[in-house]
Amino acid sequence: MRIILDAMGGDHAPEAPVLGAIDAAKLYGTQITLVGQGEAILQVLKQHGIDNLPEGMEIADAEDVVDMHDDPASVIHKRKNSSMVVGLRMLADGQGDAFISAGSTGALLTGATLLVKRVKGIRRAAMGPAMPNKAGGKTVILDCGANAECTPEFLLQFGLVGSLHAKASLGIENPRVGLLNIGTEDSKGTPLQKEAYGLLKSAGEQGLLNFVGNVEARDVPLGEVDVVVCDGFAGNVLLKSIEGTAMFMGSLMSRMFKKNLFSKLAALLVMKDIKAFKKLLDYREIGGTQFLGIKKPVIKAHGSSDRLAFCNAVQQAQEAAAHDISEQLEQGLAALKETSND
């Protein structure tokens, strides 16, 4: 298995992606192709006293870089020699099994859609991060930012994609799919939610997914469902609200344990659990978010990803490639189309 990594994407490129890739190659034995400006990559190696790349790692030169201010729609043509576009073309041509970039989300999604292509029948690819929940598992949020405006049909497809993804990647046999809404009653929401509810309910009755109804935002981190379906605007607000709340709670805990001598002693007793809690909510431990619905795994790493984040992104990309759901997704979409025509 070979992972293609954009060495020039992200706030800390090329150092963070290069060093993270090297760590991943050593830890997991992954074959990795670093795509980017060759001289810049070699300079990173020199600065860190690295004489030779790990076995199976290679460099593919790409002289240009996608800027965060570039128009996503024109990147493929105006930045055709950039590390992102070259890497996506390599993935599409079969020179790798997955691609990772911490560059522009819009450009990456556009490039993945036009070059790697969507799974047959998919209307829109979506971002589906898996957030830890109180129940001890993870909840997939689909979509969390790729599609700010959606149709009911998009949300129906997100439900199917999320269900298959949760089953293949998280090992959940019959994932519970919920529609994000302002109440659990089927009459709640805007016309988008009301119509999507009907489509998801019908798909559930046909046995295509396990739809359990509407779910409120507060119940998502509690693990009430395994897959949350929503438009990208609401999903992004939900995701960042959860992240912000976690950061707030973490700061409160830190302040509480530093209050006096007794609280400091108490902190020492539970330090192992505190570290585990922080690790659970650390985006660097996840690696990135996969664009679900693309024929081959394309992983969007956080823009501020460091060495650890890129290392974990490589592991995530490996797992995504190993749990490919393209065939099952095509079959599910065909079944959805049949039921809608009945």
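Start by selecting proline 297: with a relative accessibility of 5%, this residue counts as buried, because buried means under 20% relative accessible area (exposed is over 50%, partly exposed in between; 1.4 Å probe, protein chains only). You are looking at a predicted model, where local features need pLDDT of at least 70 and side-chain atom pairs count only at pLDDT 80 or more, while totals for chains, interfaces and linings use all residues. Residues are numbered from 1 along each chain as its sequence is written, and side-chain values use heavy atoms, with hydrogens and water left out.

Stay on proline 297. Its loop runs between strand 11 (288-292) and strand 12 (298-301); helices (H or I, at least four residues) and strands (E, at least two) are DSSP runs, numbered from the N terminus. Now add alanine 98: it sits 199 residues away along the chain, yet the two C-alpha atoms are 4.8 Å apart. Contacts of proline 297 (heavy atoms within 4.5 Å), ignoring neighbours within four places in sequence, include Asp97, Phe99 and Ala320.

Next, step to valine 298. Setting aside residues up to four places away in sequence, this valine touches Leu88, Leu91, Phe99, Leu108, Ala112, Val116, Thr289, Gln290 and Phe291. Valine 298 is also among the residues with the most contacts inside the largest nonpolar core, along with Leu88, Phe99 and Ile141; that core has 38 residues. A nonpolar core here is a set of buried Ala, Val, Leu, Ile, Met, Phe, Trp, Tyr and Cys residues joined through side-chain atoms within 4.5 Å. To show the elements giving it two or more residues, select helix 3 (75-78), helix 4 (83-92), helix 5 (105-116) and helix 8 (232-257). Apart from it lies another core of 31 residues, including Ile122, Val227, Leu292 and Leu333.

Leu292 leads on to the next stop: together with Gln290, Ile294, Asp324 and Ile325, it lies nearest the centre of the largest cavity, which has 16 lining residues. Strand 11 gives the most to that lining, with 3 residues. The space inside is about 130 Å³. A cavity is a set of points on a 1 Å grid over the protein atoms alone where a 1.4 Å probe fits but cannot get out; lining residues have an atom within 4 Å of a point. Grid points are joined across faces, edges and corners, and the volume is the space filled by probe spheres set on the points.

Last pick: asparagine 312, in helix 12 (residues 307-322). Is it buried or exposed? Asparagine 312 is buried, at 8% relative accessibility. Beyond four places in sequence, its contacts are Tyr28, Arg284, Glu285, Ile286 and Gly287.

Definitions and conventions:
On a 1 Å grid over the protein atoms alone, a cavity is a set of points where a 1.4 Å probe fits but cannot get out, and a pocket is an open set with protein on both sides within 12 Å along at least five of seven lines; lining residues have an atom within 4 Å of a point.
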